[in-house]
Amino acid sequence: MNITVNIALTRKPSASYTLFKGLRHGVNRHFGNQQLPDIRITWPEIKIKPKHLQAFCRICDIQVEKTLPPLYFFSLAYPCMLRLIGQASFPFSMFKVLNTRTYTVMYQAISPDRALSVAVTTGACRHVMKGIEFDLHSGVTAGDDLLWENSSTFFVRGKSINESVVENEDRMPALTGGDTIGTWYLPAKNRFQFGRLSGDSNGLHYNAWYAQLSGFERDFAQPLRVASKCIDMVAPPIHMPLVLDLRYKGPVYYAHQLSLSYQSVSDIHRFDLYCQGNPRPCICGQMTSGPKMLEKHVCNDLVSHLA
């Protein structure tokens with residue numbers, strides 16, 4: 001029987017309490033079925049704090065505009081995602097999951113003075129090569145208006161225990177013939193601060209020693225931090241709705257040189273972010289905008305999940 005859990009928050013989830021819950025419920029959890037428990041977390045009546053928005057834009061090295069950046073809403077949704085994953089009934093440990101894709105639809109430009117509400121729910125779970133993938137769905141609303149919607153895919157490495165293994169979805173191959181439109185150095189600064197701003201305070205993103213113990217070269221940036229700058233660099237005149245597909249393929253290390261490759265075909269804008277020392281892109285992204293693009297790209301499982 002599927003488990004139904006409804007959690008209504010009155011403020012931003014505490015990162016330390018979320019970490020405590022994750023540790024308390026175990027690091028090596030893994031339930032065998034392909035169905036996630038039915039969990040829904042809501043956080044209503046959120047007021048955007050100007051200092052929070054300004055700090056987010058400053059660390060991401062993007063301009064503060066009259067409307068909210070497309071990825072800013074992850075700073076509201078991600079703490080709720082971690083709280084959901086930290087629930088005792090959730091089959092996978094937050095310390096074992098890896099975010100591999102975010103598929104986002106932003107339906108209209110959103111002013112920072114609007115009161116917003118966030119909801120996060122569990123989605124599908126499937127056995128794939130080398131492990132399991134699952135989806136979490138997020139939505140941002142103002143009153144009855146759905147403003148922003150996202151499906152985030154996470155991967156859990158391990159041996160599949162189910163014979164019904166599906167192939168991993170298309171991983172968006174690297175660009176061929178793209179132009180390098182920018183290079184920059186990613187300093188090892190504001191790492192812990194951005195963890196607090198974004199809600200992703202995993203030590204891999206601010207502690208080089210811990211990251212090395214985990215098998216990485218050193219600590220690396222949250223994808224949200226560097227992808228925001230990529231979008232800011234390639235953004236053409238945007239017509240809502242905006243559809244943004246990001247694939248996370250490798251760590252973007254601090255104290256490394258980064259380069260951005262870009263190619264535009266009609267209304268489809270593709271970009272790849274490279275990190276020094278890695279010949280393959282670490283982040284592959286595709287951005288489209290306008291009503292016709294939404295009709296072409298919207299996923300069926302992004303419809304009415306948060307109603």
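**Salt bridges and the setting of helix α6**

R218 forms a salt bridge with D219, the closest N and O atoms being 2.7 Å apart. The model discussed here is predicted.

Q: What makes the pair R218 and D219 a salt bridge?
A: The criterion is a side-chain nitrogen of Lys or Arg within 4 Å of a carboxyl oxygen of Asp or Glu. The closest N and O atoms of R218 and D219 are 2.7 Å apart, so the pair satisfies the 4 Å cut-off. Both residues are buried.

Q: Why is D219 called buried?
A: Buried means under 20% relative accessible area. D219 has a value of 0%, so the term applies.

Q: With which residue of helix α4 does D219 also meet in a salt bridge, and what does that pair tie together?
A: The partner is R191, with an N to O distance of 2.6 Å. R191 lies in helix α4 (residues 191-198), whereas D219 lies in the loop between α5 (208-213) and α6; the pair therefore ties together parts that are 28 residues apart in sequence.

Q: Why is R191 called partly exposed?
A: Its relative accessible area is 22%. Partly exposed covers values between the 20% limit for buried and the 50% limit for exposed, so R191 belongs there.

Q: Which other residues take part in salt bridges?
A: The structure holds nine salt bridges. Among them is the one between D272 and R270, at 3.0 Å from N to O; D272 and R270 are both buried. R101, D245 and R247 are linked in a network of salt bridges.

Q: How do you know that the span of helix α6 agrees with expectation?
A: Helix α6 (residues 223-234) has twelve residues, which at 1.5 Å a residue should span 16 Å. The end C-alpha atoms of α6 are 16 Å apart, so the two values agree.

Q: What makes α6 largely enclosed by the rest of the structure?
A: Nine of its twelve residues are buried, so the description follows. Those buried are L224, R225, V226, A227, S228, K229, C230, I231 and V234.

Q: How do α2 and α6 pack, and why is α2 called roughly perpendicular to α6?
A: Helix α2 (residues 50-60) and α6 pack at an angle of about 75°, with their axes 9 Å apart. Angles of 65 to 115 degrees count as roughly perpendicular, which makes α2 roughly perpendicular to α6. The contact is made by F56, I59 and C60 of α2 and L224, R225, S228 and K229 of α6. These residues divide into four nonpolar, one polar and two charged.

Terms used: Residues are numbered from 1 along each chain as its sequence is written. This is a predicted model: local features need pLDDT of at least 70, side-chain atom pairs count only at pLDDT 80 or more; totals for chains, interfaces and linings use all residues. Side-chain values use heavy atoms; hydrogens and water are left out. Helices (H or I, at least four residues) and strands (E, at least two) are DSSP runs, numbered from the N terminus. The expected span of a helix is 1.5 Å times one less than its number of residues. Buried means under 20% relative accessible area, exposed over 50%, partly exposed in between (1.4 Å probe, protein chains only). Axes are lines fitted to C-alpha atoms, for helices over the stretch in contact, and angles run from 0 to 180 degrees between N-to-C directions. Angles under 35 degrees count as roughly parallel, over 145 as roughly antiparallel, 65 to 115 as roughly perpendicular and the rest as oblique. Contact means heavy atoms within 4.5 Å. Ala, Val, Leu, Ile, Met, Phe, Trp, Tyr, Cys and Pro count as nonpolar, Asp, Glu, Lys and Arg as charged, and the others, Gly among them, as polar.
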